[in-house]
Structure formats: structure tokens, C-alpha cells
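Here is a quick tour of a sheet, a helix and a chain contact. Have the structure open while you read.

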Amino acid sequence: MSLNVARARRNEALLAYAFLFPSLVFLAVFTYWPILRSIWFSLHDVVLGDPEIFWLGAENYLRLLDDGLFWKVFANTALYTLITIPLAILVALLLAVALDSKLRGIGLYRSAFFYPVMIPSVAAGMVWVFLYAPGYGPINEALTFLGLPRLDWLYSSKWALPAIMLMSIWKYSGYFMLILLAALKLVPSDLYEAARLDGVSAPQRLIHITVPLISPTLYFVIVIGLLHSYQIFDYVYVMTQGGPADATNVLTFYIYQNGFQYQDIGYASTLANTLLVFVLGLIGLVSVTLGRRVHYLGER
Amino acid sequence: MATVILQNVCKSYGNRKTVHDVNLTIEDKEFMVLVGPSGCGKSTTLRMVAGLEDITAGRLTIDGRDVTDAPPQQRDIAMVFQSYALYPHMTAYRNMAFGLLKTTRLSKAEIDGRIREAAEILHITDLLDRRPKELSGGERQRVAIGRALVRKPKVFLFDEPLSNLDAKLRNRMRGELKRLHRELGLTVIYVTHDQIEAMTLGSRVAMMSKGELQQVGVPMDVYMRPANTFVATFIGSPEMALLPCRADAGGVLGHDGFAAGVALGGTELPSDVILGVRPEEVSFSRTAGMARGQVERSELIGAEALVEVALGEDRITVRSAVADAPEPGEQVGLDFDLARVRLFHAGTGQAIDRQG
């Protein structure tokens, strides 16, 4: 009897591994092997196309600490994340709350706000290059119409990064909105009714009831947002190529520059590993600080 | 004085009218039960009083003030929901404090005092640190009632508060609610589909069906003198038997199973009437009896038996001592307590008032 149970269990485990095997192979070839390879590269002097490889030890990492441009790029990425993600989530939350109604035609509005997500990022980047164009761009036309000074946007080292942030908020918030909207649908309406009877105002309901009750989803959105924003590449590539004067240069773009423009694969790998460790650390920090404050609805 | 007055209150969703011209006065310190089958409009009516649904037409006053269009928080009411609607991320204490903290200028000490007092009354002092998911159904219900109590509102609204509890707990909470009402002198509007809750809790009950008020009165009165066949069959378990009869001018009722004379006291009967007989108003006859029928089934429910007898096309339930209960298939004689039975118009279902 127990022998049979043990055998059944072993068979079940074997079956599970058999199912997992293809995806494990895939992960190993395309994820874990490249990570190991890039650690190995980072400890050597590797030049793209040059078969000669020299051992450098920690030299690439020491060079990184002394690289002023790395710190600028690092600061740009951090600033981009710190502003874009909270604002995108805030916009998404407000949109989701506004769109969580049974009004006629609400589906149309939801699609409208989700639409930016469906546009390929390169195409979206091109559209915003046009929108930001200093001479004829609609945004500057609007500023003039409002009696405000025109800006050079992507050509200004002061405004280029904010311009990319604004466009990213537009792109991200629709995606976050959809996820948050799904979470809002799960909050029982009688909780809001109870709060309304208590006289709790709409902003207070949002802060004290909605936000805690969708906190698992908010937490998920924050983590996804951090991952996305630290990997931002496409908008920078399409819109500014990191310029002007590295004002919009970000980590992934800097990695690309070092690896494929300067052929310095060793240093590019060093940067990539640093980014990986930093993002993992950041997500660890978020899960320790925010993760503890997440409330799960649980059984009701 | 927290009198609640509904005048010609209506509710429509588009063209569909769900509540028709409800006129109802709930007196100060009264326990008014709105009862009826699901979909009868009782919950909608309660939610209109709460301000959670707009009042399509009509007028609502609470304590003399017209609150027809007032938002919920300006009505000075508190509500206990069927689902309890406790905030799952807050402790019991915080659930009770939340509304007061956010919307009143009471000091923390005053709020604490109110919560302790309510917790004492509801026997939940030991549970105040717990979150809803750590509480049983009955405990959650108490916290939900506590959250209403600390507000010290003029009117308490209950929307099927006991429906999610098991039968035993429901019994106990019913007693608790009655005690709270008596001891604290609350004005309560209570919605239920359970006629036993309505009968045991209500100072008065308001019966609703299809969005219309059918009858309002003290529970025994509604039980003894139902206004129509709907109320007659909804209140009382097992339900009242309704036997269609032909009536002659002399007050003699003719039915396939029997013929019987009722005292009319000067009332004229229509030619077609319905005779309403409760199970306790009919008994097995030792002689031939007024009516003869065949026993269909016999259910022993402990101290007594409920025996269903076929009278022609109709069925009638008889309460009987277990020892006297006949077997299915037996022919039995029945006697009606003609002084207590009631008559209804066959066409309208309205009760016929007999002076006598």
C-alpha cells in the first residue's frame, strides 16, 4: 500500500520534471548561461570581433567606480524611475477609479486610455518626436496658445529627460490602469457604501479603503514598473540617442553604447551585471518595505 | 424623536418600476421589519432610506427633516449589511473608530469611550485587536453592529443581517438584537425575507410584495388578520391552506370536499370566496367531521406531526399530536374552527371583513 503510494508520488514527480524540462532548457540557454557568460566577460578584456581575451580581474569594476559618465547615467536612470513610475501609477489609479463605473460607453473610454499600450514603442517614440518638435510640434503650439514660452524639448539638456518621462507616463499609465481596474472590480461595493454612510469623503475612501485593498496589485505594479523603467532603452534610442550631452543617457543605452558602439564587451558586461544586482537589490528593498504593508483581502 | 416617514416613495430603473408608492411611518424607538420574498423591493426601500439609492419620486423625512435628496452622511443613520461590510484591513477597533475619526471632531478619548462601551454591550471587548478574517461570522456581525452603535445615529438600518449565519447562531443573534433594541431604545428598520425573524423581532411588520406594501401591523395582528392571500400564506409555517369555495347568501360554503356554514355578521359574501385555514384551526374529527379527505403524507417533527390531507383538488395541513397522526392513505374526518378561519375574495385575494 505505502509502497504503491511512494511509487505513484515518484511517477508524479517525474512527470512534472518532464513537463518542466523544455522550459528549463530554454531558460538555461537564453538566461542563465548569458548571465554566467557576462560575469566571465566582465572579468576580462573582451573586444567585439577580437579573439584575444585578457584576464583583468576586478579592473572593469574599479573603472566603473571612476567613470563619471556612468554615475551621470546612473543618476539619470534613477531620476527617470523615481518620477515616472510613481506618477504613472498615480495617473493609472485615478483613471482606474474614474473608469470603474457602469456608465454607458465606459468600454470606449477604457479602450481609449489603454490604446497607448498597444502602439509599438518605436512608433510611439516617433509620434512624440513630432509632438515635441520645437518648430512645428503641437506641444509647442499649445504652449504658445496658452501664452507660455516655447521649449526646445528633446534638443534641450534641461528638458529632454522630462520630455521622455512625460511620454513614458502616457505609455505606462494605460497598462497600469488596466491591471488596477481589474483589482478595483474585486473590492466589494458594500465597503464603499459603509464608508459613504459613515460620511467618509471620496478622497478618504480612495486613500483608506481602495489603496489598502488593492495593495497586492499596487505592489505588483510597482515591481513591474521598476523592472520596466530600469530597462528603458527604446524611447531613448528612437528619440534622443542619449543626448543632448548625455542628458537622457540611461543604463541600458550606456551598456549598448559600450558594447556595440565602442566594442568593449567586457565593460558592457560589467555595467549589465551592476544593473542586474542593483535592480535585484531595489526589488528586495521594495519587498521588505512595501511588501509588509500589503493587505490581502482573504476570506470574507 | 427619530420618526421616519416615507410618503409615496417610488423607485424606477428606466421604465421598470421596482417600488410603488410606499407610505410608511416608523415611530421613534420602534422596531419595524420590512419582510417579503426576494425581489419584493424591501432592500431597495431600505437603501433609499439610507441614501444609497436615489428616491425616484416621493418624500422621505427623518426626525421631521426632509432628507429625500440628502446624501447618506447627512441623514444621521447607520446601516448593518448582510455581508457585514467590515474593512478587511482594519482591526475590529479600527473598523468601529474609522468613521468617527474621519468625520467627527470627537477626541480620541471620547471615541475610545464609545468603542469600549459598545464592545461591552456586544461582548466583543476581547476581540477588538482582531482583523475580520480572524473572527467568526457571529463575531463579525457583532463588530458590524458595534460600528453602527458608536455612531449614535437616529436610525439603525439592518439589511438581512442574520442571513449569513447558521441556524443556531441566527437564533441567538435574534435574541441579542431584541435585547439591544429594548435596552438602548433604538429606532430600527430591519429587512428580512424570514417570516420568523419578522414575527419575533418586529414591533410592527411591513409586508411587501412586487414592490408594493401589502400590510403593516403588529406581528400577531398580521398573523391573525392577514389583509390578503399573499400575506396569509407568507406569514406562518406551515402555511395557511387556501380552499376556493362557492358561497350562498346564508353563509354556507360549498367545496368539493365539504360544505360548512360560517357566521357572517351581516356581511354579504361574493359568490366565489377563498377559505383560509391555518394548521392549528383544523383538527381530526372523532365523528364524521365537517369534511372528509385522504391523508397524503405525515411528517413527524418532534413533539407534533404535520399531516397533509387532500380535500378534492386542494391540500390542507393539520397539526396533530404524534400519537393521533393517521397514516398516509387513511380516510379522515376534519373539523374546522369556524370562529377563527378567514375568508378572501376569490378574484382580488383581499380579506373579507366579517363582523362577528
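Keep in mind that this is a predicted model. Let's begin in chain B, where strand S12 (residues 252–254) runs antiparallel to S13(B), and three bridges join the two. One of the pairings matches B:Val252 with B:Gly261 in S13(B). Both strands belong to an open sheet of six strands with antiparallel pairing, in the order S13-S12-S11-S14-S20-S21 (chain B). Strand S13 (259–261) and strand S21 (351–352) of chain B each have a single partner strand, so one side of each is left without a neighbour in the sheet.

Now for helix H3 (residues 108–122) of chain B. Its 15 residues should span 21 Å at 1.5 Å a residue, and the end C-alpha atoms are indeed 21 Å apart, so the two agree. Here is how some of the helix residues sort out:

| Set in H3(B) | Residues |
|---|---|
| Buried | B:Ile115, B:Ala118, B:Ala119, B:Leu122 |
| Exposed, on the other side | B:Ala109, B:Glu110, B:Glu120 |

Seen down the axis of H3(B), the buried residues fall within an arc of 100°, so they line one face of the helix. What do these buried residues pack against? Their partners are helix H2 (92–103) and helix H4 (137–149) of chain B. Just after H3(B), B:His123 takes a positive phi of about 55°.

Finally, the chain contact: chain A puts in 19 residues and chain B 18 residues. On the chain A side, helix H8 (189–197) and helix H9 (202–213) each supply at least two residues. The largest share, six residues, comes from H8(A). By class, that side of chain A has nine nonpolar, four polar and six charged residues.

How values were computed: Residues are numbered from 1 along each chain as its sequence is written. Chains are lettered from A and ligands numbered from 1 in the order in which they are written. This is a predicted model: local features need pLDDT of at least 70, side-chain atom pairs count only at pLDDT 80 or more; totals for chains, interfaces and linings use all residues. Two strands pair if DSSP finds at least two bridges between them. Helices (H or I, at least four residues) and strands (E, at least two) are DSSP runs, numbered from the N terminus. Two residues are in contact if their C-beta atoms, placed from the backbone, lie within 7 Å. Ala, Val, Leu, Ile, Met, Phe, Trp, Tyr, Cys and Pro count as nonpolar, Asp, Glu, Lys and Arg as charged, and the others, Gly among them, as polar. The expected span of a helix is 1.5 Å times one less than its number of residues. A residue is buried if 20 or more other C-beta atoms lie within 10 Å of its own, exposed if 12 or fewer, and partly exposed in between; C-beta atoms are placed from the backbone. The arc is that of the directions from the helix axis to the C-beta atoms.
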